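This report goes through the strands, salt bridges, buried polar residues and one pocket of a single protein chain. Please keep the sequence and the model at hand while reading.

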Amino acid sequence: MKWSEVFEPGLSTDELFLKRLPAMQKTRQQEFREFSSATIILSVLFDDVDQRFTLTFDNDGLEVIDEEAIDFPMASARGRLSDWQRALPWIQELVIPADAQVARYRGKVHLTPEVVERFERFDGVFDVTVTDLPDGRPLTFSIILNDYEAPEEVRVVRASVGWPLLQDVAHGRIDPVQGARQLSVAGEVGLALEIGAFIMRELGL
């Protein structure tokens, strides 16, 4: 299976999350084990249609359910289904070249259960805006750390990133750390710095 099949424009979310992503993961499972010995739980919520998918990556593969899981996710992405459908062609434009960069990190980056456990101390929300997209309209979504929903009075980071910068990172013209330093960040900047330092320290980036 190719990434162009996984993120094929026009796919229903059920087809994408419940069938194609798990099928793709089966073909990449050995590579996953090289980069992670931890269980990674992620969640995606399309709040305009009240539809959620929870993805659990582990050494056996990828399990996806269309609801919350018992365990809390490392991160929950929250946005609109209409924006997701609009963004599918652009996701493909990033994933395919980024996949070609994976070999650069083999043997250097490995996510352990201990790293995941230490990451659980973070709580906060990143409100992300992607600008300079091909259709001229910004795209916004939120990332909630270590929970499905943001708790009250949570720290909020507002981050803005341009489409050309995402392309540069995906194609390996600049590394992810350099790319992160070029983000426009406001709000609880201290949280962004804490997480950046954590990732560099724990993963050796």
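Is Arg52 buried or exposed? Arg52 is buried, with a relative accessible area of 9%. Buried here means under 20% relative accessible area, exposed means over 50%, and partly exposed is in between (1.4 Å probe, protein chains only).

The model is predicted, so local features need pLDDT of at least 70 and side-chain atom pairs count only at pLDDT 80 or more, whereas totals for chains, interfaces and linings use all residues. Residues are numbered from 1 along each chain as its sequence is written, and side-chain values use heavy atoms, with hydrogens and water left out.

**Strands**

Helices (H or I, at least four residues) and strands (E, at least two) are DSSP runs numbered from the N terminus. Two strands are said to pair if DSSP finds at least two bridges between them.

Strand β1 covers residues 40–46, and 6 of its 7 residues are buried. It is joined to β2 by 7 bridges, and the two run antiparallel. Within this pairing, Phe46 stands opposite Gln51 of β2. β1 and β2 form a hairpin with 4 residues between them, and Asp50 in the turn has a positive phi of about 55°. β1 also pairs with β4, here in the parallel sense, over 5 bridges. The bridge partner of Leu45 in β4 is Arg78.

Strand β4 (residues 75–79) pairs in turn with strand β6 (residues 139–145), in the antiparallel sense and over 4 bridges. In that pairing Ser76 has Ile144 of β6 as its bridge partner. Strand β5 (residues 125–131) is joined to β6 by 6 bridges, and these two strands run antiparallel. Ile144 appears here too, since Val125 stands opposite Ile144 in β6.

**Salt bridges**

Side chains of opposite charge can pair when their charged atoms come close. A salt bridge is counted when a side-chain nitrogen of Lys or Arg is within 4 Å of a carboxyl oxygen of Asp or Glu. By this rule the model has 19 salt bridges. Three of the pairs are set out below.

| Acidic residue | Basic residue | Closest N to O |
|---|---|---|
| Glu15 | Arg20 | 3.1 Å |
| Asp99 | Arg28 | 2.7 Å |
| Glu68 | Arg52 | 3.9 Å |

In the pair of Glu15 and Arg20, Glu15 is partly exposed at 23% relative accessible area, while Arg20 counts as buried at 19%.

The side chains of Asp99 and Arg28 meet in a salt bridge. This pair links distant parts of the chain, with Asp99 in helix α4 (residues 81–99) and Arg28 in the loop between α2 (13–27) and α3 (29–35), 71 residues apart. Asp99 counts as partly exposed at 25% relative accessibility, and Arg28 as buried at 19%. Both residues belong to a network of salt bridges that links Arg28, Glu31, Glu34, Asp99 and Arg106.

Arg52, the residue of the opening question, forms a salt bridge with Glu68. Glu68 lies in the loop between β3 (61–65) and β4 and Arg52 in strand β2 (residues 51–58), so the pair ties together parts that are 16 residues apart in sequence. Glu68 is partly exposed at 43% relative accessibility, whereas Arg52 is buried at 9%.

**Two buried glutamines**

Contact means heavy atoms within 4.5 Å. Gln25 lies in helix α2 and is buried, with a relative accessible area of 11%. Not counting residues up to four places away in sequence, Gln25 touches Phe32, Phe57, Gly61 and Leu62. Gln29 lies in helix α3 and is buried at 7%. With neighbours within four places in sequence left aside, Gln29 is in contact with Asp58, Asn59, Asp60 and Gly61. Gly61 is thus a contact of Gln25 and of Gln29.

**The second largest pocket**

What lines the second largest pocket? Its lining consists of Thr39, Ile40, Ile41, Asp71, Phe72, Pro73, Met74, Val116, Glu120 and Asn146. A pocket is an open set of points on a 1 Å grid over the protein atoms alone where a 1.4 Å probe fits, with protein on both sides within 12 Å along at least five of seven lines; lining residues have an atom within 4 Å of a point. The space in this pocket is about 160 Å³, a volume being the space filled by probe spheres set on the points. By class, the lining has 6 nonpolar, 2 polar and 2 charged residues. Ala, Val, Leu, Ile, Met, Phe, Trp, Tyr, Cys and Pro count as nonpolar, Asp, Glu, Lys and Arg as charged, and the others, Gly among them, as polar.
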